[in-house]
Every structure is written in C-alpha cells, then in structure tokens.
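Reader: I have not looked at this structure before. Please take me through it, and give the reasons behind the terms you use.

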Amino acid sequence: MKRLGSGGTVEYADPGHLHTTNFIRNSKAIGVLWGVFTFCFAIINVVVFLQPQWIGDTQNSKGTGYFGLWSACTVQPSGGHVECVGKLDDFDSILNTAFRGATILVALSVIATMLCICCMLLCFFVSSSTVFHIVAWLQLISGCLLLGGILLFSSGFEDPEVRKVCGPTARMFNVGECGLRWAYILAILGVLDAIVLSALAFVLATRHVKLQPQPEPIYGGSMYKGQMNPGFVNEGASVDGSRKSLNLQPVMLMPHPDAERYSEFSHHTARSKSSQYRAHYASSVQNFQL
C-alpha cells in the first residue's frame, strides 16, 4: 500500500502494520467511551438509590403519594403537605422486608460501581487487560444486584401503606392503580447499561493484537533493506546481488599494451609469427582482475 509522505514522496507501508495501528487507535477510542459510560452508570446508580420516585399515584389512584426504596411519601388531605417516612440509618422505619432487601441490594450495587471507578486508577500500575477483567466482573455483579433490587422491590407492593395510594388491587409485581415513575425506569436502563459495559470490558480485555514480525530480506540483508518478491527479481539484480553477497570483486577484460593489436577473431599463421612488428606470438587479450 502506498501513501504520500512528506515532501511529496511516495512511501510504501505494510498493510498488516496499518491494520495493527488502526486497531490500536480504535481500541483506545472505545476504551475512552467505555470509561465515560462507566461514570454515567455510576451516576445513574446513585440517583436511583436516592430518589423516592419509583412508583407513584396516577389520576385513577385512590390516594396521592409516591414510594422509593427506603422512603414513602404521601400527601396529606389536610393542608396538602407531603409527609415522608423511612430513613437509611433506621431500617425499622422502612415499610416492609422486601423494600429493606431492595435497599441493601441497590446499595451494594452502588458500592460495586464506585469500586469500578477506583479500579480504573490501577491502569497506572498494572496492565490494562487486568483492569478490564476486574472492572468487567464488578460491573456484571453491580448489574445483577440492581436487577435483584428491582425484583425484590416489586414484590413488596402488598404493603398496606402502598395500597392506601395504589388501591386494593396492588399486589406482588402489580402496581395496581399507581404507575411506574422515572427512577424505576432509570433502574431498568441501568441494568442494561451494566450488562453492555461488562460485555464490552470483557471484549477489550481479551482482544489482543498479534504483532507481525519484520520480514527478512532474501539476500541476508546485504543488498536490500526490504524484502523483494522473488517473482520480480530480474537478471541484473540477481547477478549483482549474488556478487555483493559473496563479496566478489568484478572482473574486467583489458587489452595487452602492445604496439600492435590483433583482432580476437583473426587466425594466426606462420607468417604472423615471424612478422617484424611482433617478435613473439602472445595472446592478444589478457585478463586482469581489479
């Protein structure tokens, strides 16, 4: 493959080397995007854990209010002010056991996500493949914990406080007359995000580039810097290359410095031997090695 170099000259590049360079460049770009989305997943996890807007009332609801993992807020008929119950430091204040279990699972998911961000700093001390493997497992665990929190939270809709808002039809995995709020939907998107990020991290950790060795020249490096195709080596290149590789000096034919020179194709006779211009017969050409 040829490309235009500096000064308008044409340079030839190995296609395998260009493929390796492009792959490494694309892998770095994908790794940066993976890190950015990992930060976004951490933010989603924290928001989902803190926000009480998991389920809430609709126009058909019996009461007015909304519920989260560990907090339940209802609007009082008198005065219209919102009253919330449930505290993280007091698990007994959480409505039911299902909501408590969901709170613990989502909290563990948040911790696993924070560990993912901390493990990114290990790139300065260990190989990137090891970091990708560690973070991939943490992201997968975080996604599973978040999914478990969603399922466990949905199994607690039979609580009397929930039925005061969502009606008597509210039961396990059935929100009744209430509706799903944005925090519940964001938690589902967080599970999908964790699975995709984990799969991408595993791919980046196991995808290695096998570098191709430098091609060796045909003539042992004595003639050409690169490699020649044997099918296109002409006669001059093969002869000249063999001489240089064998360290042989060229041989030149030089005429003998006589006063009289005979043609190499003429035949000597007895009369030519006794000529006055040539006292003795000798070969008209001698070989001298330079």
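Reader: Is Cys40 buried, partly exposed or exposed, and what makes it so?

Author: This is a predicted model. In it, Cys40 has a relative accessible area of 34%. Buried means under 20% and exposed means over 50%, so Cys40 counts as partly exposed.

Reader: How do you know that Cys73 and Cys84 form a disulfide?

Author: Their sulfur atoms are 1.9 Å apart. The cut-off is within 2.5 Å, so the pair of Cys73 and Cys84 qualifies as a disulfide. The angle about the S-S bond is 110°, and the link is right-handed.

Reader: Why is this pair said to tie parts of the chain together?

Author: Cys73 belongs to strand E5 (residues 72-75) and Cys84 to strand E6 (residues 82-85), so the link joins parts that are eleven residues apart in sequence.

Reader: Which of the terms buried and partly exposed applies to Cys73, and which to Cys84?

Author: Cys73 has 2% relative accessibility, and because this is under 20%, Cys73 counts as buried. Cys84 has 45%, which lies between 20% and 50%, so Cys84 counts as partly exposed.

Reader: How many disulfides does the structure hold?

Author: The structure holds two. Cys166 and Cys178 also form a disulfide, with sulfur atoms 1.9 Å apart, and that value is within the 2.5 Å cut-off. Counting bonded cysteines along the chain, the pattern is 1-2, 3-4.

Reader: Why is the disulfide of Cys166 and Cys178 called left-handed or right-handed?

Author: The torsion about its S-S bond is about -100°, so this disulfide is left-handed. Cys166 lies in helix H4 (residues 160-166) and Cys178 in the loop between H4 and strand E7 (179-180), so the pair ties together parts that are twelve residues apart in sequence. Both Cys166 and Cys178 are buried.

Reader: What makes up the largest nonpolar core?

Author: This core has 43 residues. Those with the most contacts inside it are Trp34, Trp54, Ile55, Leu69, Leu146 and Phe153. At least two core residues come from each of helix H1 (15-50), helix H2 (97-119), helix H3 (128-154), H4 and helix H5 (182-206). H5 gives the largest share, nine residues.

Reader: Which residues does Trp54 touch?

Author: Leaving aside residues up to four places away in sequence, Trp54 touches a list of residues including Val48, Phe67, Leu69, Ile150, Phe153, Leu180, Tyr184 and Ala187. Gly68, Gly179, Arg181 and Ala183 are also touched by Trp54.

Note on methods: Residues are numbered from 1 along each chain as its sequence is written. This is a predicted model: local features need pLDDT of at least 70, side-chain atom pairs count only at pLDDT 80 or more; totals for chains, interfaces and linings use all residues. Side-chain values use heavy atoms; hydrogens and water are left out. Helices (H or I, at least four residues) and strands (E, at least two) are DSSP runs, numbered from the N terminus. Buried means under 20% relative accessible area, exposed over 50%, partly exposed in between (1.4 Å probe, protein chains only). A nonpolar core is a set of buried Ala, Val, Leu, Ile, Met, Phe, Trp, Tyr and Cys residues joined through side-chain atoms within 4.5 Å. Contact means heavy atoms within 4.5 Å.
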